[in-house]
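Welcome! Here are some exercises to work through with the structure in view, each followed by a worked solution.

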Amino acid sequence: MLMNNQLERARLLYQQKRYDLALKEIIEVLSVEPNHDEVHILRGLCLTLTNNQQEGLKAVQRAIAINPESPYAYNCLAYIYEILGDLVAAKNAVDRAIALEPTNPSFRLRLAEIVNTLCYHDKTQLEPLLLALNLEVDLSLTPEAQFHALNKIVIHMADRVLEIDPENVDALYLRLNALYALNSLKKLEAGCYKLLQIEPNHML
């Protein structure tokens, strides 16, 4: 019972962005239950968000060692790898999360965000990343055409999220950003209208 209370406090402190205090509760929980995969995930997130990404990475990897079938652990792993700039490892991790839980919109959103990052990546390093990530972008295209192709992939991935969760605001924003990049004004207008239906007080 005491451990459950501490875990709930840790979750609440994490939600309040009081990561240092959350970590204190997490240490107490792990002293009683060292193989609790969810607690290791929470520890990894707290460490990552207090600028200790390498230790955060180790914590989430520990969670996966305990429970290799946890899609949430792989999604958190992808998040940390993305922060560290390792987009290939991030995509591999989120692909694993999606394989374990295909209808989770958060996992598919993470994948779309990783590809969106590529749109603004250093063009001199883009080709090996496209090959490693197995994205269907013609490498003979000009950099501008590759940029457009990547944005179309982002739109497709955001649409997959919206099929599962039609009011996913993050997916709508990602889609609008890609439509703006493509100068697709009619679709952009329709997307803005849909967003305002969900968030009527939002200033676009």
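## Exercise 1: Placing Val115

In this predicted model, Val115 is buried, with a relative accessible area of 2%.

**Task.** Find which helix holds Val115, and which residues beyond its sequence neighbours it is in contact with.

**Solution.** Start with the helix: Val115 belongs to α7, residues 105–119. Next, set aside the neighbours within four places in sequence; Val115 is then in contact with Leu135, Leu150, Ile153, Val154 and Met157. Finally, look at Lys91: 24 residues separate it from Val115 in sequence, while their C-alpha atoms are 8.7 Å apart.

## Exercise 2: Exploring the cores

**Task.** Work out which residues touch the most other members of the largest nonpolar core.

**Solution.** This core has 52 residues, and those touching the most other members are Leu77, Val115, Leu118, Leu130, Leu135, Val137 and Leu150. Helix α9 (residues 143–164) supplies the largest share, 9 residues. There is also a second, separate core of 14 residues, with Tyr19, Ala22, Val29 and Leu47 among them.

## Exercise 3: Two helices together

**Task.** Decide whether α2 runs roughly parallel or antiparallel to α3.

**Solution.** First, take the angle: the axes of α2 (residues 19–32) and α3 (residues 37–49) cross at roughly 150° and come within 10 Å. Angles over 145 degrees count as roughly antiparallel, so α2 is roughly antiparallel to α3. The crossing is left-handed. Now list who takes part: the contact includes Tyr19, Ala22 and Leu23 of α2, and Val39, His40 and Arg43 of α3. Sorted by type, the residues of this contact are 11 nonpolar, 1 polar and 1 charged.

Notes
Residues numbered from 1 in each chain as written. Predicted model: local features only at pLDDT ≥ 70, side-chain atom pairs only at ≥ 80, totals over all residues. Heavy atoms only, no water. Axes fitted to C-alpha atoms, helices over the stretch in contact; angles between N-to-C directions. Helix = DSSP H or I, 4+ residues; strand = E, 2+ residues; numbered from the N terminus. Parallel < 35°, antiparallel > 145°, perpendicular 65-115°, else oblique. Left-handed = near helix turned anticlockwise from the far one by under 90°. Contact = heavy atoms within 4.5 Å. Nonpolar A, V, L, I, M, F, W, Y, C, P; charged D, E, K, R; others polar. Core = buried A, V, L, I, M, F, W, Y, C linked by side-chain atoms within 4.5 Å. Buried < 20%, exposed > 50% of the residue type's maximum accessible area, 1.4 Å probe, protein only.
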